Amino acid sequence: MGKHIWTALRGLLLASLVVVLGACASTGGSPRGGPSGTGVVMAIAESESGSTAGSIVGAIGGAIVGSVVGGQIGSGFGRTVAATAGSIGASMIGSRMGSQMAAEREWTITVRFDDGIDRDIRTDTRPDVRPGDKVNVDKGEIRRL
């Protein structure tokens, strides 16, 4: 590979490292908690969210592969353009694929507590309760009564 390709790859890897380290930064947060009491399950909704980590890994992998493959096309300035275009295009494709492959499921359970207030409780495990079930909630953990 030419000197320009290595320079482009080095810059791309450095930028990727900055993105990955930024994504890994902790934002703090509180320990597991949540509402407590008894109530009735009103609704359960399942959702799927793309994975940020999968998206980042896919984007980096796609950018590297696209840059290398694009660098094999043409010569001189055309090769630089092809490597850049390959890097950008493959990065976008890799990001999308990585996000979908590492998607996470989440369930939101709406419970109407005895005080009449509806509260949403989120969990990443499939709930074993159904709408209409009487439940006890302890710090966000739901158990059927």
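A residue counts as partly exposed when its relative accessible area lies between the buried limit, under 20%, and the exposed limit, over 50%. Keep that range in mind and select Arg 112: at 36% relative accessibility, it is partly exposed. The model on your screen is a predicted one, so let's colour by confidence before going further.

**Stop 1: confidence**

The protein chain averages a pLDDT of 76, and 69% of the residues score at least 70. Select helix α1, residues 3-24, where confidence is lowest, at a mean of 53. Then jump to β4, where it is highest, at 94. Now highlight residues 20-31: pLDDT stays under 50 there, and the model has three contacts beyond four places in sequence for this stretch. Where pLDDT is low, the predicted coordinates should not be read in detail.

**Stop 2: the nonpolar core**

Which residues form the largest nonpolar core? Show Val 41, Ile 109, Val 111, Phe 113, Ile 121, Val 129, Val 135, Val 137 and Ile 142 as sticks, and you have the nine of them. Two elements, β2 (104-113) and β4 (134-138), each give two or more residues to this core. The biggest share comes from β2, with three residues.

Centre the view on Ile 121 next. Setting aside neighbours within four places in sequence, its contacts include the core residues Ile 109, Val 111, Phe 113, Val 137 and Ile 142. Pro 35, Trp 107, Thr 108 and Gly 140 also touch Ile 121.

**Stop 3: a charge over a ring**

Stay with Phe 113 from the core and add Arg 119. The charged end of Arg 119 sits over the ring of Phe 113, 4.9 Å from its centre. Arg 119 also meets Asp 115 in a salt bridge, at 3.2 Å, N to O. With a relative accessible area of 28%, Arg 119 is partly exposed. If you are also looking for aromatic pairs, the count is zero.

**Stop 4: more salt bridges**

How many salt bridges does the structure hold? There are six, and two more of them are worth selecting here.

Return to Arg 112, whose side chain meets that of Asp 118 in a salt bridge of 2.7 Å, N to O. Asp 118 is partly exposed, at 38%.

Finally, pick Glu 106 and Arg 122, joined by a salt bridge at 4.0 Å, N to O. This pair links distant parts of the chain: Glu 106 lies in strand β2 and Arg 122 in strand β3 (residues 118-123), 16 residues apart. Glu 106 is partly exposed because its relative accessibility is 31%, and Arg 122 is partly exposed at 48%.

How values were computed: Residues are numbered from 1 along each chain as its sequence is written. This is a predicted model: local features need pLDDT of at least 70, side-chain atom pairs count only at pLDDT 80 or more; totals for chains, interfaces and linings use all residues. Side-chain values use heavy atoms; hydrogens and water are left out. A nonpolar core is a set of buried Ala, Val, Leu, Ile, Met, Phe, Trp, Tyr and Cys residues joined through side-chain atoms within 4.5 Å. Buried means under 20% relative accessible area, exposed over 50%, partly exposed in between (1.4 Å probe, protein chains only). Helices (H or I, at least four residues) and strands (E, at least two) are DSSP runs, numbered from the N terminus. Contact means heavy atoms within 4.5 Å. pLDDT is the predictor's confidence in each residue, from 0 to 100. Rings of Phe, Tyr and Trp (its six-membered ring) pair if their centres lie within 6.5 Å; planes under 30 degrees apart count as stacked, over 60 as edge-to-face and the rest as tilted. A charge sits over a ring if NZ of Lys or CZ of Arg is within 6 Å of the ring centre and within 35 degrees of the ring normal.
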